[in-house]
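This report describes a protein model for a reader who is new to structural analysis. Please keep the sequence and the structure in view while reading.

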Number of protein chains: 2
Amino acid sequence: MEYKDLAKNELKEILAEEYRKFNDYKNLGLSYDMTRGKPCKLQLDLSNEMESEKFLQGFHSISDQEVRNYGVLDGIPEAKKLMSEMLGVGTDELVVGGSSSLNLMYDMLVRFMLFGTGTEGCKPWSKEEKIKWICPVPGYDRHFLITEKLGFELIAVPLQGDGPDMDRIEELVKDANVKGMWMIPKYSNPTGEVYSDEKIRRLASMKTAAKDFRILCDDAYTVHFLKNGPAKQLNMLEACKEAGNPERVFLFGSTSKITFPGSGLSAVCGSEKNVKYLLTYLNIQTICYDKINQLRHARFLGDYSGIIAHMKKHAKILLPKFEAVDKILNEELNGLGILTWTKPEGGYFISIDTLPGCAAAVVAKAKECGVKFTPAGSTFPYKKDPDDRNIRIAPTLPPIQELEAAIRILCVCVKICSIEKLLEA
Amino acid sequence: MEYKDLAKNELKEILAEEYRKFNDYKNLGLSYDMTRGKPCKLQLDLSNEMESEKFLQGFHSISDQEVRNYGVLDGIPEAKKLMSEMLGVGTDELVVGGSSSLNLMYDMLVRFMLFGTGTEGCKPWSKEEKIKWICPVPGYDRHFLITEKLGFELIAVPLQGDGPDMDRIEELVKDANVKGMWMIPKYSNPTGEVYSDEKIRRLASMKTAAKDFRILCDDAYTVHFLKNGPAKQLNMLEACKEAGNPERVFLFGSTSKITFPGSGLSAVCGSEKNVKYLLTYLNIQTICYDKINQLRHARFLGDYSGIIAHMKKHAKILLPKFEAVDKILNEELNGLGILTWTKPEGGYFISIDTLPGCAAAVVAKAKECGVKFTPAGSTFPYKKDPDDRNIRIAPTLPPIQELEAAIRILCVCVKICSIEKLLEA
């Protein structure tokens, strides 16, 4: 029976019981950090071998480039091949970067601000009166932070399980101030949803009032499946080319959650024209990225099938964690009508929605028991969830026992805050 | 006897003789690249051991930070300690970056453009009508390129063997549009000169009309001595603090020419207030830099004395090359009054000045013989040397026999172009 259909005294009884559990947990003095989507130690260990000297033998790329010296702005051929296979683009449609794809996205927006997008007749965005930017929600806080700090007005558009509300987006882009959008096409952070090919086609082909409209497509989880293999999906760059809008998208990816976060390879992809534009400005910014690390990655991972084989090892570690969360949520909350949650096939997160107005309270309550979740609201522009419902759960980092305990505590907090909200009404 | 004092027919005789040599060289079909300041293979080999797995044992920093995962924006403690010892600042006055210090400088100027310097009452530089920037000349082309592309007006100020013409700079900074300057304090690129403590004090203490005046001090060659040890020099950050202008300078350095160019560590230093400012904005841009590479460097190089010991090995390889250039220039050109050249105690370059109006012709002539030098003018803003005199010689990369041949050819070209210029007059 759903909580909303219970009588007040019944709710109060449950509340008292849950507070007993809550106090027991509180007295344990736990300290669990569930805030960030980090790989766990076992996952990191999968790539330790990459640091072996054997992968650097000779210090030369297949194009006979010395990797220990300056040069090669776009990446050594074997790294370009590896990353282009992973991201489904041609080797001429990609530049291999440093260890942070987020930094590549920041750099790209900075470039648009200071130099423009290279679209004929358009000015640098810093010369525009106002820039508006579409943010599918719930989404990734670090994306929203960049566009917020650059002074863009962020417009939230709800995700619908297969990508964002396209009707809404097609309306929004009739405004020439709307210059672009964020997008995590596969196993989106935090909902885990996979954009449908239909929505990808609509994004690629919609008519935008801004001639220099740009989509920053962060394909961060493109091979981060939990079961058999990555979801099949129409490639966004391919779709843009087919739609006759090849310059609309820049696509980003990295090996951060394949090898080592903070020490992986990043890549940025675009049409050949966009790559040419990018290299023109990149050449002002730096001489080259770390080619030794490129060689190390290319030789360790090999090719696309090598990446998939490696990701299966990750999946084997992660799937039980995702299943454990789902199982506990089911046991504790199924049928109570106080929480919905996602059952992702990949990615790094489970997204939960409480009753309206409860998320911040749940996170605060859990913190009292020593369990830190990402602050409620973080998944929305300006860190403000208008309904105060969404919480991002990151099950990857903690050992499974800690994870299970944290989720049990979460469930108690969800029950308490839901009942308190219902009793208020 | 100087060429200018010779009769025309004497000059013509020499010219004919030099052209005979020139044609002999031309027929050899050589292909030498003297354009960039890159370490040679023997130098790179000095750091191969750094890629051994043994330096990553445990994958944890001394603060027990896992280096294989996200986190630690300012760098692990041992890397901060290493770089702060090298750059002569406190560990709280520094952030360790990625593999490119040039990129840190670009990022810093971009930050000033979009967000301002953090100085109270001052706006982002992109909102200013005009930004002017002081460029000591001859200088580093990549510095000048960044400020040129950002739309600054570049003002050349001559170097005088112990730093720039300070009288001129003190005049220039009375203009509030003059927002800052480039500076390579030690073994400057390309002149090799070391800024005197007096000039450093004047730079640190001069009164600037712009409240948010900033010096980007690229201490790229701080430990890159050729003989016994690095030149003693007043630290620019120290000088700024003493002068009561602690926020005036950001100081940059890297291990690019200590370990591996493109795969080293970079660092940016400033007052604690400036570091706080930096981290605020860096946090928008990225999650962290490559801590695995930080650990590798810190354990391989150890500490300041480890760096100096390592740099002695570089010096042993480089000194004979610098001496060879000097010896040949002396043999071929001493007393002819057609070329002056620097005798640096460190750094990566020898800077030569031809008779006015000859540098471009000399570079073109050398190219006919298959010897590529950095294009004349590169050492000046907008790539324009008003006197067409300066050429940057990079003796480090080629093997010594190639280097010697290239310099002999250069001498022939200098003689030819000088005589042709004198005969014109």
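Of the contacts in chain A with a separation of 6 or more, what percentage comes from residues 24 or more positions apart? Such residues account for 75% of these contacts, where two residues are in contact if their C-beta atoms, placed from the backbone, lie within 7 Å.

The model is predicted: local features need pLDDT of at least 70, side-chain atom pairs count only at pLDDT 80 or more, and totals for chains, interfaces and linings use all residues. Residues are numbered from 1 along each chain as its sequence is written, while chains are lettered from A and ligands numbered from 1 in the order in which they are written.

**Chain A as a whole**

Chain A contains 13 helices and 12 strands; helices (H or I, at least four residues) and strands (E, at least two) are DSSP runs, numbered from the N terminus. Along its principal axes, the C-alpha trace of chain A spans about 75 × 55 × 30 Å. The radius of gyration of chain A is 23 Å, which agrees with the value near 22 Å for a compact globule of 425 residues. This radius is taken over C-alpha atoms, and the globule rule is 2.2 Å times the number of residues to the power 0.38. Of the 425 residues in chain A, 53% are buried. A residue is buried if 20 or more other C-beta atoms lie within 10 Å of its own, exposed if 12 or fewer, and partly exposed in between, with C-beta atoms placed from the backbone.

One partly exposed residue is A:Lys367, because 13 other C-beta atoms lie within 10 Å. A:Lys367 belongs to helix H12 (residues 359-368) of chain A.

**Two domains and two chains**

Chain A is divided into domain 1 (3-44 + 308-424) and domain 2 (54-302), with bounds from an automatic or database domain assignment. Their C-alpha centres lie 31 Å apart. In chain A, 25 residues of domain 1 are in contact with 30 residues of domain 2. On the domain 1 side, H11(A) gives the most, with 7 residues.

Between the chains, 39 residues of chain A are in contact with 39 residues of chain B. The largest share of the chain A side, 6 residues, comes from H4(A).

The table gives the residue classes of these two sides. Ala, Val, Leu, Ile, Met, Phe, Trp, Tyr, Cys and Pro count as nonpolar, Asp, Glu, Lys and Arg as charged, and the others, Gly among them, as polar.

| Side | Nonpolar | Polar | Charged |
|---|---|---|---|
| Chain A, touching chain B | 19 residues | 12 residues | 8 residues |
| Domain 1 of chain A, touching domain 2 of chain A | 14 residues | 8 residues | 3 residues |

**Symmetry**

A turn of 180° and a shift of 0.0 Å along the axis lay chain A on chain B with an RMSD of 0.0 Å. That is the relation of a two-fold axis. Copies are superposed by least squares on the C-alpha atoms of residues with pLDDT of at least 70 in both. The copies meet through the same surface, because 100% of the interface residues of chain A are also interface residues in chain B.

**The nonpolar core**

The largest nonpolar core has 255 residues. Such a core is a set of buried Ala, Val, Leu, Ile, Met, Phe, Trp, Tyr and Cys residues joined through C-beta atoms within 7 Å. Helix H13 (residues 400-424) of chain B gives the most to this core, with 13 residues. Among the residues with the most contacts inside the core is B:Val268. Not counting residues up to four places away in sequence, B:Val268 touches residues including B:Leu94, B:Met108 and B:Phe250.
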